[in-house]
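Subject: Structure handover and findings

Dear colleague,

Please find below the structure that I am passing on to you. My findings follow directly after it, arranged by topic.

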Amino acid sequence: MQPLSVNQYLRQHIRTVPDWPAPGVQFRDITPLLQDPKVFRVLIDAFVHRYMDKALRPDVVAGLDARGFILGAVVAYELNVGFVPIRKKGKLPFTTVEETYELEYGSATVELHTDAVKPGDRVLLIDDLIATGGTMMAGRRLLEKLGATVTEGAAIVDLPELGGSQRLKDSGLPLYTLVDFEGH
């Protein structure tokens, strides 16, 4: 029997919840990855080992609200770099910059403290999942408004059928994802 790759191992710990939050949606739930200490370590190590490489090493990790905070904070800690949260509008107490983006049904706004990054900082932008790519694109624009360079976008799950990963790649953002879920 062949040993599982890291990607296969993580995939088998992602729960699919049918018809949530709406009928026809196959929700990819990453919380089981966080619940088991061994699985959580494998997940974090997959990111940390990649970004320990000098060519990919960021100065800062930025996490997207809210599951990107879980991953981003731990990855930043392990890399010994700073972490900055990109929050939903109205959640940050200091002066912010904001970016509004379109969702399937409406729009959303994310914010970042104006002192979160410095011009020239190399930033790893991380979230749990890439669907349409709107949140990651908005986060990238916020970081670039402050003069930082987003060197790569990272996520556990890519849902390529929704087009977000291709949209991000077409914009020039390199992506690193661990598990793809094609189709429904």
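A residue counts as buried under 20% relative accessible area, as exposed over 50%, and as partly exposed in between. Lys 89, at 48% relative accessibility, is therefore partly exposed. Please note that this is a predicted model.

Salt bridges

The structure contains ten salt bridges. One of them joins Arg 67 to Asp 128, with 2.5 Å between the closest N and O atoms. This pair links distant parts of the chain, since Arg 67 belongs to helix H4 and Asp 128 to strand E7, 61 residues apart. The two partners fall into separate accessibility classes: Arg 67 is partly exposed, with a relative accessible area of 36%, whereas Asp 128 is buried, with a relative accessible area of 5%.

Lys 89 forms a salt bridge with Glu 111, and here the closest N and O atoms are 3.8 Å apart. This pair, too, links distant parts of the chain: Lys 89 is in the loop between strand E4 (82-88) and strand E5 (96-103), while Glu 111 is in strand E6 (residues 106-113), 22 residues apart. Glu 111 has a relative accessible area of 6% and is therefore buried.

A further salt bridge brings together the side chains of Arg 141 and Glu 99, at 2.7 Å from N to O. Because Arg 141 lies in helix H5 (residues 134-145) and Glu 99 in strand E5, the pair ties together parts that are 42 residues apart in sequence. Arg 141 is partly exposed at 30% relative accessibility, and Glu 99 is buried, with a relative accessible area of 13%. Through shared partners, salt bridges also join Lys 89, Glu 98 and Glu 111 into one network.

Surroundings of Lys 88

Lys 88 lies in strand E4 and is partly exposed, at 47% relative accessibility. Its C-alpha atom is separated by 4.4 Å from that of Val 110, although the two residues are 22 residues apart along the chain. When neighbours within four places in sequence are left aside, Lys 88 is in contact with Asp 65, Thr 109, Val 110 and Glu 111. Glu 111 thus appears here as a contact of Lys 88 and above as the salt-bridge partner of Lys 89.

Helix H3

Helix H3 (residues 37-51) has 15 residues. From its first C-alpha to its last, H3 reaches 21 Å, close to the 21 Å expected at 1.5 Å a residue. At the start of H3, a side-chain oxygen of Asp 36 comes to within 2.9 Å of the backbone nitrogen of Lys 38.

Which residues of H3 are buried? They are Val 39, Leu 43, Ile 44, Ala 46, Phe 47, Val 48 and Tyr 51. These buried residues pack against three helices and three strands, namely helix H1 (6-11), helix H2 (31-35), helix H4 (67-79), strand E7 (122-130), strand E8 (149-158) and strand E9 (175-180).

Aromatic pairs and charges over rings

How many aromatic pairs does a search of the whole structure find? The search finds four aromatic pairs. Among them is the edge-to-face pair of Tyr 51 and Tyr 176, at 6.2 Å centre to centre and with 85° between the planes. Tyr 51 lies in helix H3 and Tyr 176 in strand E9, so this pair ties together parts that are 125 residues apart in sequence. Tyr 51 is buried, with a relative accessible area of 1%.

Phe 69 and Phe 83 form an edge-to-face pair as well, at 6.3 Å centre to centre and with 80° between the planes. Since Phe 69 lies in helix H4 and Phe 83 in strand E4, the pair ties together parts that are 14 residues apart in sequence. Phe 83 is partly exposed, with a relative accessible area of 28%.

Phe 47, Tyr 51 and Tyr 176 make up one aromatic cluster. The ring of Tyr 176 also has the charged end of Arg 50 sitting over it, 4.1 Å from the ring centre. Likewise, the charged end of Arg 11 sits over the ring of Phe 181, 4.2 Å from its centre.

With kind regards

Definitions and conventions: Residues numbered from 1 in each chain as written. Predicted model: local features only at pLDDT ≥ 70, side-chain atom pairs only at ≥ 80, totals over all residues. Heavy atoms only, no water. Helix = DSSP H or I, 4+ residues; strand = E, 2+ residues; numbered from the N terminus. Expected span 1.5 Å × (residues − 1). Buried < 20%, exposed > 50% of the residue type's maximum accessible area, 1.4 Å probe, protein only. Contact = heavy atoms within 4.5 Å. Polar contact = N/O pair within 3.5 Å; in protein donor to acceptor, adjacent residues only side chain to side chain. Salt bridge = Lys/Arg side-chain N within 4 Å of Asp/Glu carboxyl O. Phe/Tyr/Trp six-rings, centres within 6.5 Å; stacked < 30°, edge-to-face > 60°. Lys NZ or Arg CZ within 6 Å of the ring centre and 35° of its normal.
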